[in-house]
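This briefing goes through one protein model topic by topic, for a reader who wants to check side-chain contacts and strand pairing against the coordinates. Please keep the sequence and the structure open while reading.

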Amino acid sequence: MAAASPVESLQEEATCPICLEYFTDPVTLECGHNFCQACIAQCWEGPNTAASCPQCRETVQQRNLRPNRQLANVIEIAKRLSFQAAKGAGGGGVCGEHQEALKLFCEEDQTPICVVCDRSRAHRAHMVVPIQEAAQEYKKQTETERQKIMSEFHQLRQFLEEQERLLLAQLEKLDKEIVKIQNENITKLSERISRLSELISEMEGKCQKPASEFLQDVRITLSRCEKGKFQQPEEISPELEEQVSDFSQKTIVLMETLRKFKDTLPSALESLGAHRQVNVTLDPDTAHPDLVLSEGGKSVRWGNTRQQLPDTPERFDTELWVLSCEGFTTGRHCWEVEVEGGRYWAVGVARESVGRKGRISCSPEGGIWAVEQWGDQFRALTYPVTPLSRAPSRIRVCLDCGRGQVTFIDAGDEAPIFTFLPGSVPGERIRPWLWVGLGSRLRLCP
């Protein structure tokens, strides 16, 4: 058996051998043993005659009982030491009534108790076990419940992941169907625009010919125009057809008809015209060293540390900018950029010859045409800047190289954001351009 600690030895010495609790008003017999005054009086009930010590059985005189004040002081010290030892071992595991360590657990009342409580009437008939044994049992029950909860959460997570896979598969299928329909519509519109453009050129050519040649197939020409579903030509009167010799009157009527077609077709073609959606990839050779590009060059974010990259002539060394690999000199093109976080970013285009070293003006004068989010402000990078409404989460950039024009559209509701006037973009190679500031992230949409 392990040796008793000094505190336990002190507690044992401060315990009455009759009641087994701390001495209360301790007295000393002639033999030197100590008892509670009430306990020894109860043992010696009867006349004031000779009696024996309950511990050693030596005969003593009852009148020779002497109060032991020093032992009473030691008992108070023992009580305090017991309280402090119990607090140090269990952090407050002390009986509030008896100042004893809570070493037992009453299963009926579901509460820790001390050895004195165990002997009291309140717990005498209850099932009591050592507190460590009870703790182990409750730990097993807790572990069982923990495993049960983990199993339920695992099943729930599997269910959610399966639902996620199903929804993503449905979304991918829907996206493919939408892209297919969009491509079919673009093809049909492109063919129609091509036919209308040929018709316009043919009609303009005929207007330059002499009236005799012009009138040879005028019915066929007007019939083709009518099939185009634009403004119908005025019908030629039978009387006018009979007067073939009256060239001047015939020419006036037909020229008026063609003029109406020419006034109507450009706006119609403009409405039918579509920008070709292009696949844009960021060029890592142009990215500032503080910018981190994703694998595949579809997204860019601001990094915490500068990367060790070669300082080539193509790389921006001061501005947090990056260009795309693609560039355009002719045609109409569009692409979309999604904002995935941050309050400092810009989206637009830049000319191929834009400066790469040092500070550069972020404006058309510096070769940049863009819209920018700067803190709480969303604005177009004109000079001076043009305030705009709330920034969308997805922006479509439309570049018309023929007109020298850049237009920005909210890809969510198709609402226009801002347009740089036609002719403002020079006739040189133009590349998609992004600026990414602190905490921001931009992604090129497929």
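**Charged pairs and their surroundings**

R394 counts as partly exposed, with a relative accessibility of 29%. The model is a predicted one, and a search of the whole structure finds 16 salt bridges. The points below start from the salt bridge between R394 and E336, then turn to a network that includes E352, to a buried arginine without a salt bridge, R315, and finally to cores and sheets.

**E336 and R394**

- The side chains of E336 and R394 meet in a salt bridge, with an N to O distance of 2.7 Å, and this pair links distant parts of the chain, since E336 belongs to strand β13 whereas R394 belongs to strand β18 (residues 394-400), 58 residues apart.
- The two partners fall into separate accessibility classes, because E336 is buried with a relative accessible area of 12%, while R394, at 29%, counts as partly exposed.
- The side chains of E336 and R394 also make a polar contact, again at 2.7 Å.
- Strand β13, in which E336 is found, covers residues 332-339.
- Leaving aside neighbours within four places in sequence, E336 is in contact with R394, I395, R396, A411, R443, L444 and C445.
- E336 and V278 are 58 residues apart in sequence, and their C-alpha atoms are 9.2 Å apart in space.

**The network around E352**

- E352 forms a salt bridge with R429, in which the closest N and O atoms are 2.9 Å apart; because E352 lies in the loop between β14 (344-351) and β15 (368-374) and R429 in the loop between β20 (416-420) and β21 (430-436), the pair ties together parts that are 77 residues apart in sequence.
- Both members of this pair count as partly exposed, E352 at 29% relative accessibility and R429 at 31%.
- The side chain of E352 also meets that of R431 in a salt bridge of 3.2 Å, N to O, and since R431 lies in strand β21 and E352 in the loop between β14 and β15, this pair ties together parts that are 79 residues apart in sequence.
- R431 counts as buried, with a relative accessibility of 6%.
- Through shared partners, salt bridges join D283, E352, R429 and R431 into one network.

**A buried arginine without a salt bridge**

- R315 is found in the loop between β11 (299-302) and β12 (321-323).
- R315 is buried yet has no salt bridge, and the nearest side chain of opposite charge, that of D285, is 4.6 Å away; this pair is not counted because a salt bridge requires the nitrogen to be within 4 Å of a carboxyl oxygen.
- Apart from neighbours within four places in sequence, R315 is in contact with P284, D285, T286, A287, P289, L309, P310, R356 and K357.

**Nonpolar cores**

- In soluble globular proteins, nonpolar side chains tend to be buried together.
- The largest nonpolar core here has 47 residues, of which W335, W433 and L442 touch the most other members.
- A second, separate core consists of nine residues, including C16, Y22, C36 and A78.
- Beyond neighbours within four places in sequence, the contacts of W433 are W321, V322, L323, A346, V347, G348, V349, A350, C362, I368 and A370.

**Sheets**

- Six strands form an open sheet with antiparallel pairing, in the order β12-β21-β14-β15-β16-β17, and its edge strands, each of which pairs on one side only, are β12 and β17 (386-387).
- Within this six-stranded sheet, β14 and β15 pair in the antiparallel sense over seven bridges, and G348 stands opposite A370 in β15; G348 and A370 are also among the residues in contact with W433.
- An open sheet of three strands, likewise with antiparallel pairing, has the order β2-β1-β5, and here β2 (34-36) and β5 (66-67) are the edge strands, each pairing on one side only.
- Strand β1 (residues 26-28) pairs with β5 in the antiparallel sense over two bridges, and the bridge partner of V27 in β5 is P67.

Definitions and conventions
Residues numbered from 1 in each chain as written. Predicted model: local features only at pLDDT ≥ 70, side-chain atom pairs only at ≥ 80, totals over all residues. Heavy atoms only, no water. Helix = DSSP H or I, 4+ residues; strand = E, 2+ residues; numbered from the N terminus. Buried < 20%, exposed > 50% of the residue type's maximum accessible area, 1.4 Å probe, protein only. Lys, Arg positive; Asp, Glu negative; His and termini not counted. Contact = heavy atoms within 4.5 Å. Core = buried A, V, L, I, M, F, W, Y, C linked by side-chain atoms within 4.5 Å. Pairing = 2+ DSSP bridges. Polar contact = N/O pair within 3.5 Å; in protein donor to acceptor, adjacent residues only side chain to side chain.
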